[in-house]
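Hi everyone, thanks for coming. I'd like to walk you through one structure today, so let me put it on the screen.

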Amino acid sequence: MRILAIESSCDETAAAVIKDGREIVSSVVATQIEEHKLYGGVVPEIASRRHCESICAVVAEALERAGMKNTELDAIGVTYAPGLIGALLVGVNYAKSLAFGLGKPLIPVHHIRGHIAANYLAHPELEPPYMCLVVSGGHTHIVEVLDYTEFRVIGRTIDDAAGECFDKAARAMGFPYPGGKYIDEASKLGDSRKYNLPKPHTQNPYDFSFSGLKTAVINLIHNAEQKGEQINVNDLATTFQHTVCRILEDKFLTAAHEKGYKKIALAGGVAANSGLREGLEDKALEYGMEFFVPPLALCGDNAAMIGAQAFYEYQKGHIANENLNAYATMSLDKVRY
Ligand code: KG4
Ligand code: ZN
């Protein structure tokens, strides 16, 4: 089964053709990051406009690279939640028109389910059940993947997402948006023992809290500025990354161990972080667990992951009609169409 998938939930316009949920036939991502960088973050109105301008060309390119005509497709998959509402609506309306014009099924896909499914494209042997840590710009979840379309969120951030915390700390350190990858690079050059950052506590041991950590970084920098002291950015970035990664790893591994999982996976934009990838790989080995993570190109937003999840949603009969709407927020274990 060949599915054309469309993703437009934030600042990437993407389209992909995916075979049977596991094989990338083609994948195209048009990023808007350079433009949003000027404003220090994603400007929703600009994002929507750029999606409108790019979507036809991006889909055409995905079909051309796949060597297919749209009439040869079996279904259309699309991200319909969560995300920026104006951005989502561009993809949803395009997908709706295409699906009904072609007379093909329309499959709505939850963005975070897509991030998790990126693992299926890289690891043919991976099957549920397993436990997944989802870390992106907007989400930080510990998820039990009970089946391909059955999820239970057992832990989540009670304030900022991990990626958001990376980006805000990076901004305070003087890096451009989105700063996660700059902190990652700087962390290879510094010393993690030069600064002290707090590890916040939460009532539910599987929940996360990152706003205190973000504020601690901002305060540390302001205090130094007021005293006329120089901050060593590499050391601070290293300490910060080390702290975030240890928090994520400790909670995730404890949860997986307590729930008896022998397979664990990582997903979302922050899954590109080198410290987190290495840390989880080492810890999984210690606990005797198998560890799965997508390649870097599939960690950030893309449509290939949406096509992978769309295949499994289709198997379960999750098909939408012309009334499909987009939703800015929606929990991945309580989806609605
Ligand atoms: O999944 P994603 O592409 O978009 C959302 O769905 O939110 O995630 C983007 C987030 C940003 O916060 C970005 O800074 C972060 O992923 N990110 C990283 C790295 N690469 C991207 N964070 C830490 N280390 C990285 N290497
Ligand atoms: Zn994402």
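Let's begin with helix α4, which is mostly covered: of its 12 residues, 11 are buried. Reading along the helix, the buried ones are H111, I112, R113, G114, H115, I116, A117, A118, N119, Y120 and L121. Before I go further, please keep in mind that this is a predicted model.

Two of those residues, Y120 and L121, come up again when we look at R22, since R22 touches both of them. R22 sits in the loop between β2 and β3. Its other contacts, leaving aside residues up to four places away in sequence, are H123, P124, L126, E127, Y148 and Y312. There is also a long-range pairing here: R22 and F311 are 289 residues apart along the chain, yet 8.7 Å separates their C-alpha atoms.

Staying in that loop, have a look at D20, which is also placed between β2 (12–19) and β3 (23–31). D20 has a positive phi of about 50°, although it is not a glycine. For context, most residues other than glycine have a negative phi. As for its surroundings, D20 is partly exposed, because its relative accessible area is 32%, between the limits of 20% and 50%.

Now to the ligand, which I suspect is what many of you came for. Which parts of the protein surround ligand 1? There are 18 residues around it, and the closest are G137, D167, D184, G269 and N273. Our helix α4 (111–122) returns here: together with α5 (162–172) and α6 (180–186), it is among the helices that each supply at least two residues of the shell. By type, the shell residues divide into 4 nonpolar, 10 polar and 4 charged.

Where does the ligand lie with respect to the domains? Domain 1 (2–116 + 298–315) and domain 2 (128–296) both contribute residues to the shell, so ligand 1 lies between them.

For those of you thinking about polar contacts, here are three that involve the backbone. A backbone N or O atom of G269 is 3.0 Å from an oxygen atom of ligand 1. For G180, a polar backbone atom is 3.2 Å from a ligand oxygen. For D301, the distance from a backbone N or O atom to an oxygen of the ligand is 3.3 Å. On its own, ligand 1 has 560 Å² of accessible area, and the protein covers 84% of that.

Let me come back to α5, one of the helices that supply the shell. Its buried residues are A162, G163, C165, F166, D167, A169 and A170, and D167 is also among the closest residues to the ligand. What covers these buried residues includes two strands, β6 (130–135) and β7 (140–147), along with the helices α6, α7 (211–227) and α8 (233–258). Just after α5, G174 takes a positive phi of about 95°.

Then, in the loop between α5 and α6, we find P178. The peptide bond from Y177 to P178 is cis, with omega near -10°. There is another cis bond, from A81 to P82, with omega near -20°; P82 is in the loop between β4 (75–81) and α3 (85–102). Most peptide bonds are trans.

One last stop: S48, in helix α2 (residues 44–66). Is S48 buried or exposed? It is buried, because its relative accessible area of 13% is under 20%. Its contacts, beyond four places in sequence, are G86, A87 and V90.

That's my tour, and I'm happy to take questions.

Terms used:
Residues are numbered from 1 along each chain as its sequence is written. Chains are lettered from A and ligands numbered from 1 in the order in which they are written. This is a predicted model: local features need pLDDT of at least 70, side-chain atom pairs count only at pLDDT 80 or more; totals for chains, interfaces and linings use all residues. Side-chain values use heavy atoms; hydrogens and water are left out. A residue is near a molecule or strand if one of its heavy atoms lies within 4 Å of it. A polar contact is a pair of N or O atoms within 3.5 Å; within protein, one must be able to donate a hydrogen and the other to accept it, and residues adjacent in sequence count only if both atoms are side-chain atoms. Accessible areas come from the Shrake-Rupley method with a 1.4 Å probe; for residues, only the protein chains shown count as cover. Helices (H or I, at least four residues) and strands (E, at least two) are DSSP runs, numbered from the N terminus. Ala, Val, Leu, Ile, Met, Phe, Trp, Tyr, Cys and Pro count as nonpolar, Asp, Glu, Lys and Arg as charged, and the others, Gly among them, as polar. Domain bounds come from an automatic or database domain assignment. Buried means under 20% relative accessible area, exposed over 50%, partly exposed in between (1.4 Å probe, protein chains only). Contact means heavy atoms within 4.5 Å.
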